[in-house]
Amino acid sequence: MKLIYEKSQAGRRASALPRYENLPSPPELPEELRRSEPPRLAEVPEFELVRHFTELSTRNFGVDTGFYPLGSCTMKYNPRINERLAALPGFARLHPLQDEDGAQGALELMWRLQEILAEVTGLHAVSLQPAAGSQGELTGLLLVRAYFAARGEAEQRRTVVIPDTAHGTNPASVTMAGYELTPVRTDARGNIDVDDLRGKVDEHTAALMLTNPSTVGLFDENIEEIERIFHGVGALMYYDGANLNAVCGISRPGDMGFDIVHINLHKTFSQPHGGGGPGGGPVAVRESLEPFLPVPAVVQQDEGRFGLEYDRPQTIGKVRGFTGPFGVFVRSYAFLRMWGPRLREMSEVAVLNANYVLARLKEAYDLPFDRLCMHEFVLSARTLKREHGCTALDVAKRLMDYSFHPPTIYFPLIVPEALMIEPTETEAKETLDAFCDAMLAIVREAGEEPELLKEAPHHRPVKRLDEVRAAKRPVVKYGFEEHPDAKGEPKVAAAEAPKGV
Ligand SMILES: Cc1ncc(COP(=O)(O)O)c(C=O)c1O
């Protein structure tokens, strides 16, 4: 596909409105502020412009175009009603510095969202401020620090325990919060290895960080024992709520013994996410941790009146501008109100869908932990690699030829050739079946014609990219110096990143 600049022809225009005779003359601009030459803009007719951007939009894969089983990311459908509500002028045009009297509706929405999240997590108080799961993690760990500092145990509590299945943001957050990392193994059933754990938890432990269900899609069967071990030494329990989609209305982190939870609003409670935004990572805490939450706190002052509270002497301070990513709150609140008391059904269907796909695929791929899964599961392409030289990456690339977004691959790290599949509650049985048929066809192809996989994708606009280079050195601007107009001869524009990018 050509760039818009390559389609440009001098003199072509998108519209030709008649000029209004009596236009006032533009104000005189000082000479030094005027551009020396006109901007270089693409010159195309309107229909070309529309075709160009419409074609570009079809190059993107999203939940709105197909099945997106990207494990751990919960790529569920985002109902359009969320967007309608977030676009209401009273929400969309509200200034963050609007005085409280003029923002009662927004404050009430935030307060109500906090109340719902407290109920879903089984905890006491919520701050909506963090803008991502990872920022929620850091906020949670800063709360741990503040809690122990207030008890005079800041020096003593130095370590945070995380399992070897943890998402990469967990160890990163631990380090950013100034703690030492203590890794703990996973046992043969996919639970935390409790024997390994016992030797690693003592009076120096500040907290456990755990995703439950874990990143292998399994609910830890020993969670009560784990809770006794940590609370027994006075440590705290931190719940990475990225996988909350499996348990809403069924089990609550607070009831499992967790003291702090972050919730990925953009996963469980629906936002168009991926590619870096937008997100929300509220934290919920037990009563003993409430004084440390970020300010301002959104509170109900009297019956029917809401406000912001800054006077919290033990707060960790602000972690985000104003009250957090407000548009995200409106969407998640709309989503939660839409499900209402049926929220449990959302998680039940997510778990059912995952188990259905697992049951259809478990004989064809390796299954590291043969148990009922939660909302996602992890297969391995180990045998395909050994027998036919086809890797998890090859399977993922070939799936694109079948018009499916690949699952997460090579994560969690403890599973070699991992394929992590999360169908979510969104999908109908026909879609799940079509996906399973494709996954099974790929196994057959690996045996009969492995090159098909190794060279996939075959039917996409681009073949295999240098993914590291594409991520680390993306070409995000047109290299004008390479522009055919400048050189007098057509070139493949912007093939190389301009210097310094
Ligand atoms: C288990 C787990 N924890 C934490 C995170 C981090 O969340 P975010 O991407 O919102 O920063 C993710 C994101 O995929 C995750 O899967």
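These are my notebook entries on a predicted model of one protein chain.

**Entry 1: the whole chain**

I began with the overall dimensions. Along its principal axes, the C-alpha trace spans about 80 × 70 × 45 Å. I then looked up the secondary structure and found 19 helices and 12 strands in the chain. Of the 501 residues, 39% count as buried. I also looked up how far apart in sequence the contacting residues lie. Among contacts between residues at least 6 apart in sequence, 70% join residues at least 24 apart.

**Entry 2: the nonpolar core**

Which residues touch the most other members of the largest nonpolar core? I found that this core has 107 residues, and that Ala 207, Leu 208, Tyr 238, Ile 260 and Leu 419 touch the most other members. I noted a general point beside this: in soluble globular proteins, nonpolar side chains tend to be buried together.

I chose Tyr 238 and listed its contacts, leaving aside its neighbours within four places in sequence. Tyr 238 is in contact with Gly 140, Val 144, Ala 207, Leu 208, Met 209, Phe 258 and Ile 260. I recognised Ala 207, Leu 208 and Ile 260 from the list of core residues above.

**Entry 3: helices α6 and α7**

I next examined helix α6, residues 133-150, beside helix α7, residues 169-176. Their axes come within 9 Å and cross at roughly 40 degrees. The two helices are therefore oblique to each other. The crossing of α6 past α7 is right-handed.

I listed the residues on both sides. From α6, Gly 133, Ser 134, Glu 137, Leu 138 and Leu 141 take part, and they meet Thr 169, Asn 170, Ser 173, Val 174 and Met 176 of α7. Sorted by class, this contact has four nonpolar, five polar and one charged residues.

**Entry 4: helices α13 and α16**

I looked up a second pair, helix α13 (residues 343-361) and helix α16 (residues 429-448). Their axes are 10 Å apart, and the helices pack at an angle of about 30 degrees. That angle makes α13 roughly parallel to α16. Here too I noted the handedness: α13 passes α16 in a right-handed crossing.

On the α13 side I found Asn 353, Tyr 356, Val 357, Arg 360 and Leu 361, which meet Leu 432, Phe 435, Cys 436 and Met 439 in α16. By class, the contact has seven nonpolar, one polar and one charged residues.

I also checked Glu 430, which is placed in α16. Is Glu 430 buried or exposed? Glu 430 is exposed, because 8 other C-beta atoms lie within 10 Å, and a count of 12 or fewer is the cut-off for an exposed residue. I looked up its separation from Glu 55, which is 375 residues away along the chain, and the two C-alpha atoms are 28 Å apart.

**Entry 5: helix α15 and the loops after it**

How many residues of helix α15 are buried? I found that eight of the 10 residues in this helix, which runs over residues 392-401, are buried, and that the helix is mostly covered. The buried residues are Ala 392, Leu 393, Asp 394, Val 395, Ala 396, Lys 397, Arg 398 and Leu 399. I noted that this list includes Asp 394, Lys 397 and Arg 398. The buried residues of α15 pack against β11 (408-409), β12 (418-421), α16 and α17 (450-454).

Just after α15 I came to Ser 403, in the loop between α15 and β11. Its phi is near 70 degrees, a positive value in a residue other than glycine. Ser 403 is partly exposed, with 15 other C-beta atoms within 10 Å.

Further along, Glu 417 is placed in the loop between β11 and β12. Its phi is also positive, near 50 degrees. Glu 417 is buried, because 22 other C-beta atoms lie within 10 Å, and the cut-off for a buried residue is 20 or more.

**Entry 6: cis peptide bonds**

I recorded the general background before looking: most residues other than glycine have a negative phi, and most peptide bonds are trans. The bond from Val 295 to Pro 296 is cis, with omega near 0 degrees. Pro 296 is in the loop between β7 (283-285) and β8 (297-302).

I then looked up the bond from Ala 456 to Pro 457, which is cis with omega near 5 degrees. Pro 457 is in the loop between α17 and α18 (467-472).

Conventions:
Residues are numbered from 1 along each chain as its sequence is written. A nonpolar core is a set of buried Ala, Val, Leu, Ile, Met, Phe, Trp, Tyr and Cys residues joined through C-beta atoms within 7 Å. Two residues are in contact if their C-beta atoms, placed from the backbone, lie within 7 Å. Axes are lines fitted to C-alpha atoms, for helices over the stretch in contact, and angles run from 0 to 180 degrees between N-to-C directions. Helices (H or I, at least four residues) and strands (E, at least two) are DSSP runs, numbered from the N terminus. Angles under 35 degrees count as roughly parallel, over 145 as roughly antiparallel, 65 to 115 as roughly perpendicular and the rest as oblique. A crossing is left-handed if the near helix is turned anticlockwise from the far one by less than a right angle, and right-handed if clockwise. Ala, Val, Leu, Ile, Met, Phe, Trp, Tyr, Cys and Pro count as nonpolar, Asp, Glu, Lys and Arg as charged, and the others, Gly among them, as polar.
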